[in-house]
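These exercises ask you to read a protein chain with the help of numbers computed from its atoms. Work through each task with the structure beside you before you turn to the solution.

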Amino acid sequence: MNRLLPILLAVTIGSLVATASFAQIPETYTNLKLLPKDIQKRQLMQRMRGFNKALGVKCYFCHKGEEGQPLSTFDFASNENKHKVVARTMMTMTREINTKHLKDLGSKDNPARISCNTCHQGQKHPEEKPE
Ligand code: HEC
Ligand code: HEC
């Protein structure tokens, strides 16, 4: 039990922090141009966490807000951060590659698809590598 206690505490604190930061994110969205306007918060956050992971960044990389400050102080709808604008272009590009260029590749069960991570792999700046 003595050994488990710190682990239990860490898990509890970890999930409290996650719940607290989730609660700081707005429930309704005013500036969605590509994602469905009535998207559920849970789905939106899944996409946003996917972006964080694919690029190896945190929310402030694309959104107006200060590193280390609570998410309640962020203005997520703002387009002031140029990385958010680039991210929209990237979303459109990824979608077009999937729906146009890869349309007839792969199989029904395993369609050919790319995602942010196909190129980024945890990096902000994917590098062109020699063949
Ligand atoms: C790689 C850039 C990127 C990262 C990282 C990112 N976002 Fe976003 N976020 C976007 C883009 C682009 C949109 C707008 C999508 C659209 O226009 O449909 C958006 C939209 C949003 C919105 C909706 C705002 C509104 O009212 O229209 C919220 C809330 C949000 N993001 C929260 C987050 C949170 C929380 C994180 C970190 C967990 C995060 N984002 C990380 C790019 C990013
Ligand atoms: C086909 C490959 C590819 C895919 C797929 C892709 N990206 Fe990119 N992305 C790039 C390249 C190349 C750059 C430019 C890197 C540089 O500036 O050196 C870039 C740059 C960016 C930047 C700007 C980084 C900066 O520091 O200015 C953001 C933000 C970004 N991508 C987000 C995304 C998101 C979000 C997705 C998925 C919706 C995505 N990318 C999918 C190749 C890709």
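**Exercise 1.** Decide whether glutamate 80 is buried or exposed, and then find the side chain that meets glutamate 80 in a salt bridge.

*Solution.* Step one is to compare the value of 58% relative accessibility with the cut-offs, and by them glutamate 80 counts as exposed; buried means under 20% relative accessible area, exposed over 50%, and partly exposed in between (1.4 Å probe, protein chains only). Before going further, note that this is a predicted model, in which local features need pLDDT of at least 70 and side-chain atom pairs count only at pLDDT 80 or more, while totals for chains, interfaces and linings use all residues. Residues are numbered from 1 along each chain as written, chains are lettered from A and ligands numbered from 1 in the order written, and side-chain values use heavy atoms, without hydrogens and water.

Step two is to look for the partner, and here the side chains of lysine 64 and glutamate 80 meet in a salt bridge, with 3.4 Å from N to O. Both residues lie in the loop between α2 and α3, so the pair ties together parts that are 16 residues apart in sequence. The partner, lysine 64, counts as partly exposed because its relative accessibility is 34%. A salt bridge is a side-chain nitrogen of Lys or Arg within 4 Å of a carboxyl oxygen of Asp or Glu, and helices are DSSP runs (H or I, at least four residues) numbered from the N terminus.

**Exercise 2.** How many salt bridges does a search of the whole structure find, and which residue is the partner of lysine 41?

*Solution.* The search finds four salt bridges in the whole structure. In one of them, lysine 41 is paired with glutamate 27, and the closest N and O atoms are 3.0 Å apart. Since lysine 41 lies in helix α2 and glutamate 27 in the loop between α1 and α2, the pair ties together parts that are 14 residues apart in sequence. The two ends have opposite surroundings: lysine 41 is buried, with a relative accessible area of 8%, whereas glutamate 27, at 56% relative accessibility, counts as exposed.

Another salt bridge joins the side chains of glutamate 96 and lysine 100, at 3.6 Å from N to O. Both of these residues lie in helix α3, four residues apart, which is about one turn of the helix. An α-helix has 3.6 residues a turn, so residues three or four places apart point the same way.

**Exercise 3.** Which protein residues are donors to the iron atom of ligand 1, and which to the iron atom of ligand 2?

*Solution.* For the iron atom of ligand 1, the protein donors are Met48 (SD) and His63 (NE2), lying 2.0 to 2.3 Å away. Methionine 48 belongs to helix α2 and histidine 63 to the loop between α2 and α3, so the pair ties together parts that are 15 residues apart in sequence. Methionine 48 counts as partly exposed at 22%, while histidine 63 is buried at 12%. Donors are N, O and S atoms within 2.8 Å of the metal (3.2 Å for Na, K and Ca); water is not among the atoms, so sites may look incomplete.

The iron atom of ligand 2 is coordinated by Met90 (SD) and His120 (NE2), at 2.0 to 2.3 Å. This pair links distant parts of the chain, with methionine 90 in helix α3 and histidine 120 in helix α4, 30 residues apart. Methionine 90 is partly exposed at 35%, and histidine 120 counts as buried at 10%.

The last step is the geometry around this second iron atom, where the six donor atoms subtend angles of 85 to 180°, and the arrangement is therefore octahedral. Six donors count as octahedral if opposite donors are over 155 degrees apart and all others between 65 and 115.

**Exercise 4.** Where does lysine 84 lie, and what is the nearest side chain of opposite charge?

*Solution.* Lysine 84 has its place in helix α3. Lysine 84 is buried yet has no salt bridge, and the nearest side chain of opposite charge is that of aspartate 75, 7.1 Å away. Lys and Arg count as positive and Asp and Glu as negative, while His and the chain ends are not counted. Leaving aside neighbours within four places in sequence, lysine 84 is in contact (heavy atoms within 4.5 Å) with residues including Asn31, Cys62, His63 and Phe76. One of these contacts, His63, is also a donor of the iron atom of ligand 1.

Definitions and conventions:
Helices (H or I, at least four residues) and strands (E, at least two) are DSSP runs, numbered from the N terminus. Four donors count as tetrahedral if all angles lie between 85 and 135 degrees; four count as square planar and six as octahedral if opposite donors are over 155 degrees apart and all others between 65 and 115; anything else is irregular.
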